Amino acid sequence: MVVIGAPISYYLIYRFLTVFFTYVSHANVTTPKWIDNTLGLIFVTPNMHKFHHHFERPWTDTNFGNIFSLWDRIFGTYVMDDPKKIKYGLDVLDDSTDTNVMYQFKIPFDKNIKTDY
């Protein structure tokens with residue numbers, strides 16, 4: 001903020017909006033399609049962001065936006081389909097470990113656990 005000369009209030013507003021939109025986009029809610037499509041023209045909606053958490057590529061490499069959907073549209077990472085088609089997780093991990101919390105905590109640190117191709 002000091003380098004670009006922006007007031008600290010701009011940064012604080014951005015941080016507040018980021019937290020708010022992160023909670024909204026990860027909320028497990030269903031909105032009517034017309035609301036989702038209308039708001040989705042500008043903002044990231046829960047149904048839009050859900051595809052980012054799909055278990056397989058290319059779905060996981062989409063909808064990165066946090067506040068504005070415009071960025072995904074500009075950079076070609078926007079995708080939208082029926083949210084009922086989403087299966088969550090990672091296609092490179094064993095589904096039988098989904099409920100094992102200690103295993104989930106170990107994933108980032110254990111180099112023997114393959115999490116990418």
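What is the volume of the largest pocket? In this predicted model, the largest pocket comes to about 260 Å³, and that is a good place to begin the tour.

**Stop 1: the pocket.** Select K33, N47, D81, D82 and P83, the residues closest to the pocket's centre among the 13 that line it. Then colour helix α2, residues 33-40, which gives the most to this lining, with three residues. If you colour the lining by residue class, you will find six charged, four polar and three nonpolar residues.

**Stop 2: a salt bridge at D81.** Stay with D81 and add K85 to your selection. These two residues form a salt bridge, with their closest N and O atoms 3.1 Å apart. K85 is exposed, at 52% relative accessible area, while D81 is partly exposed, at 29%.

**Stop 3: the other pair.** How many salt bridges does a search of the whole structure find? There are two, so please move on to R57 and D61, whose side chains meet in a salt bridge with an N to O distance of 3.6 Å. Both partners can be checked in turn: D61 is partly exposed at 39% relative accessible area, and R57 is partly exposed at 37%.

**Stop 4: the nonpolar patch.** Finally, select M1, V3, I4, I8, Y10, Y11, L12 and Y14 and switch on the surface. Together they form a nonpolar surface patch with about 930 Å² of accessible area. Pause at V3, which sits in the segment before α1 (8-25). Is V3 buried or exposed? V3 counts as exposed because its relative accessibility is 83%, and the cut-off for exposed is over 50%.

Note on methods:
Residues numbered from 1 in each chain as written. Predicted model: local features only at pLDDT ≥ 70, side-chain atom pairs only at ≥ 80, totals over all residues. Heavy atoms only, no water. 1 Å grid on protein atoms, 1.4 Å probe; cavity = no way out; pocket = protein on both sides within 12 Å on 5 of 7 lines; lining within 4 Å. Points joined across faces, edges and corners; volume = space filled by probe spheres on them. Helix = DSSP H or I, 4+ residues; strand = E, 2+ residues; numbered from the N terminus. Nonpolar A, V, L, I, M, F, W, Y, C, P; charged D, E, K, R; others polar. Patch = residues over 30% accessible without salt bridge, like charges linked within 9 Å, V, L, I, M, F, W, Y side chains within 5 Å. Areas by Shrake-Rupley, 256 points an atom, 1.4 Å probe, with all protein chains shown as cover. Salt bridge = Lys/Arg side-chain N within 4 Å of Asp/Glu carboxyl O. Buried < 20%, exposed > 50% of the residue type's maximum accessible area, 1.4 Å probe, protein only.
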